[in-house]
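Student: I have a model open and would like to talk through its confidence and its charged side chains. Could you take me through it?

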Amino acid sequence: MPKQQTMTTTDLRSTLFDEIRTLRAGESTPQQAMAVSKLATNIINTAMLDLAAARIAARIPEEKETLACDIIPMSLTANKAA
């Protein structure tokens, strides 16, 4: 399996603009452009969820890692392992 490449928001923006250029040049299809757009939306939504979880985690004292929500404790545990 190839090593994963770390991408930034600048890379994502560049990829989206590249797709627009190839679509305008007739080198891509509307379906391909829509697929790229949907993937980008999912990436952005995931990043927003990570940010929201980090903000919540920053407000929780160490001894209160267990919340009613199942997602937040996993995020807290994952951050401590990193």
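Tutor: Gladly! pLDDT is the predictor's confidence in each residue, from 0 to 100. This is a predicted model, in which local features need pLDDT of at least 70, side-chain atom pairs count only at pLDDT 80 or more, and totals for chains, interfaces and linings use all residues. Residues are numbered from 1 along each chain as its sequence is written, and side-chain values use heavy atoms, leaving out hydrogens and water.

Student: What is the mean pLDDT of the protein?

Tutor: Residues at 70 or more make up 72% of the protein. Its mean pLDDT is 80.

Student: Where is confidence lowest?

Tutor: Helices here are DSSP runs (H or I, at least four residues), numbered from the N terminus. Confidence is highest in H1, at a mean of 95. The lowest mean, 45, belongs to helix H3 (residues 71–81).

Student: Which side chains meet in a salt bridge?

Tutor: A salt bridge needs a side-chain nitrogen of Lys or Arg within 4 Å of a carboxyl oxygen of Asp or Glu. The count comes to 1. Its partners sit 3 residues apart in helix H1, about one turn. At 2.7 Å, N to O, they are Asp-18 and Arg-21.

Student: How far is Glu-19 from the nearest side chain of opposite charge?

Tutor: Glu-19 also lies in helix H1 (residues 9–24). Lys and Arg count as positive, Asp and Glu as negative, with His and the chain ends not counted. Glu-19 is buried (under 20% relative accessible area, 1.4 Å probe, protein chains only) and has no salt bridge. The nearest opposite charge is Arg-21, at 10 Å.

Definitions and conventions:
Helix = DSSP H or I, 4+ residues; strand = E, 2+ residues; numbered from the N terminus. Buried < 20%, exposed > 50% of the residue type's maximum accessible area, 1.4 Å probe, protein only.
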